[in-house]
Amino acid sequence: MSLTRRTALVGTALAAATPLRFARAAEATIKIGGIVPLTGPAAETGKFMHNGATMALEEINAKGGVLGKKLEWVVEDDATTNPGAVLGFSRLVSRGDCVAYTGSIRSTQVNAISPDVEKAGKPVIIGGTDPALTHSGNPWFFRTRPNDNYSSKVMANFGIDTLKKKKWAVVYATDAFGTGGMKALVDNLGKLGVKPVLVQGAADQTADFTPVVLAVKQANPDILASYVTFENDVAIFARQLRQLGVTIPWVGSASVTNTATGQLAGPAMWGVYGVTDFDKKASPEAAAYYTAYEKRFHLAADNQSAWIYDGLHILAMAINEAKSTDAQKIRAAIMAIKGYKGTEGTYNFDQNGDGLHGYNIVQNKKGTWAFDKRIDFAS
Amino acid sequence: MAMFLQLLFTGMGIGAVYALVSLGFVLLICAANIVNFAQGDFAMLGAYLLVLGLNVFSLPYPVAIVLTILLMAIFGVLFAGATYWPLRFRGALPVIISTIGAQIFLENIVLYLYGPVPQVLPGVFNSPGFTVGGVFMDSQYLTILATASLLVLLQYLVFEKTLLGKKIQATNQDKEMASLLGIPVVFMILLTFAYSAALGAVAGVLVGPILFVSVGMGGSIALKAFAANIIGGYGSIPGAIVGGLLLGVAETFGAAYISVPYKDAFAFLIVLAFLAVRPQGLFGEKVAEKA
């Protein structure tokens, strides 16, 4: 056999690869699988998630990792679609080496993977805030954001008690998140004796909100509440609201406070109240995280990175506490977490797997979000 | 009444964008007999080029717009070279598939270069608009309507009154005959690609300040533009314009008076109705089955 250039090249490559493979085996990691929107309309969320996770992993591994090994986060793209989420999750499961998972911040995608999560039988950290996700009997979801029972309760209380407004218009996205939030809000308003004058849905990625704004104008409310999912939708809605002369107080779900929303909408968002799970002024932990994140990525941190940052810390803590990667033991350890001070609030996991039970109220003051107050409920 | 006029105004504005992208579709259908699935990405690329020109190179607005359109015209030729030219003798389908490939490639390359965060594009005018009789006239929608009308007029003049336009039309009608008459067919086809990409860029530059500039912005516009094309008549130039405007107005009114969440459904319901009742569209000619 003559030594051709190709065989020489292949030989060199093999020789180079062999020690690498051994090194890998010696440095085995404990893996958490994650579905992340790397592409599609929520790709900006994916970037924030990646940043938050990177910070959490560095901190965890600097402190010795989990069970003496490094913690690793392996991701699959969910393309911001339900089929993408299902496919990504099944890819992660079929790897066979993930001890737990992180899911989506979008309720509709969490909903989509729910049956597969039950089959996989391992803990999944989620950020979707539709209350039903942790209330429909799936024991493997653990939420590191407060659900929309609480956000809507805070919105209703704040609007009625503090702002003294009784004529409500509710605008929501017709996906799982928006619909869940709208239902919870209408329910909580009802408990306070208020029936909204308008409940108006709109599909995600609606290019033009003129019909919605005109419906709001016609209903003549004195306060507007919103559960809109995507930042660009919030921004377009905000701009058209202002252009068509709607100036009533507006209390929005967390997406109104997202960094991207503010950048896109500019002055159209001034004065808007937001109900948000993450605020840098809510706690010293949140403040420290915000500062570190800004220093590292030159971006303002928001809930889109904070939930996954907390989630990975909670998983690492639970695995260390359980002294095992057994799914049931990790589950029990997460459920036992009480009083853990994360960036999103103080975690006390309840029987449903919800870790947090309160929200912050913030107001957009000429582009910066001013912390108003935090309202916590006893689970 | 004010509400009706407001809806009509925004519907026409959105419709004009559909019309411009639809026009780009139709020109390529005529010239090369292909449906270009990357047509929406011409709009997306145009908008990103303008963002680049304004925010990174700090060019004055008019200079940045002219540069964007010129660069996109050149890009149209390159696009033809990559997707159409190598497959031109293999029938329409392989070319269509290769434009789908180009679409995926372009969107992901922009996602890689620019990241997923939507970009803000300033409008042509500083003022957001003004109110007349309770109707808010968004300055950007006005710009869109004015530009679209001007372009349509210009195109009509070029196509009907100049030799170049007649040559392009002849090429579209019968390439063999045109080449026998000494018309440089290849040049005409490349010119059409360049013009189609430039039209896409104009649409992107116009709609960017309203919808923001993101990788996915072209996708939904292109889908509606294609629907407009079917309504107006497959491959009909006046059909593309009327179809686009009709679709924009219909979906806005449908959303306001029937149901907002099903807004996108109206567009496609209309397409289904046309396919069932008048498949040749508004301006299309009935194509007789060839023996």
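What volume does the second largest cavity have? About 50 Å³, and the legend to Figure 2 shows where that cavity sits.

This is a predicted model, where local features need pLDDT of at least 70, side-chain atom pairs count only at pLDDT 80 or more, and totals for chains, interfaces and linings use all residues. Residues are numbered from 1 along each chain as its sequence is written, chains are lettered from A and ligands numbered from 1 in the order in which they are written, and side-chain values use heavy atoms, with hydrogens and water left out.

**Figure 1. The largest cavity lies between two domains of chain A.** Searching the whole structure turns up four cavities of 30 Å³ or more. (A cavity is a set of points, on a 1 Å grid over the protein atoms alone, where a 1.4 Å probe fits but cannot get out; lining residues have an atom within 4 Å of a point. Points are joined across faces, edges and corners, and the volume is the space filled by probe spheres set on them.) The largest has a volume of about 170 Å³. It has 14 lining residues, and the closest to its centre are Ile105(A), Arg106(A), Arg145(A), Thr229(A) and Ser255(A). Domain 1 (26–146 + 282–348) and domain 2 (149–276 + 361–376) of chain A both contribute to the lining, so the cavity lies between them; the domain bounds come from an automatic or database assignment. By class, the lining has four nonpolar, seven polar and three charged residues. (Ala, Val, Leu, Ile, Met, Phe, Trp, Tyr, Cys and Pro count as nonpolar, Asp, Glu, Lys and Arg as charged, and the others, Gly among them, as polar.)

**Figure 2. Chains A and B both line the second largest cavity.** From chain A come Thr210(A), Gln240(A), Gln243(A) and Leu244(A); from chain B, Gln6(B), Thr10(B), Phe136(B), Asp138(B) and Tyr141(B). Elements giving two or more residues are α9 (231–243) of chain A plus α1 (2–32) and β2 (135–138) of chain B. (Helices, H or I of at least four residues, and strands, E of at least two, are DSSP runs numbered from the N terminus.) Three nonpolar, five polar and one charged residues make up this lining.

**Figure 3. Two parallel strands and a helix form a β-α-β unit in chain A.** Strands β1 (residues 29–36) and β2 (residues 70–77) of chain A pair in the parallel sense over eight bridges; pairing takes at least two DSSP bridges. Gly33(A) stands opposite Val74(A) in β2(A). With helix α2 (residues 43–62) of chain A, β1(A) and β2(A) make the unit right-handed: with the strands pointing away from the viewer, the path from the first strand over the helix to the second runs clockwise.

How values were computed
1 Å grid on protein atoms, 1.4 Å probe; cavity = no way out; pocket = protein on both sides within 12 Å on 5 of 7 lines; lining within 4 Å.
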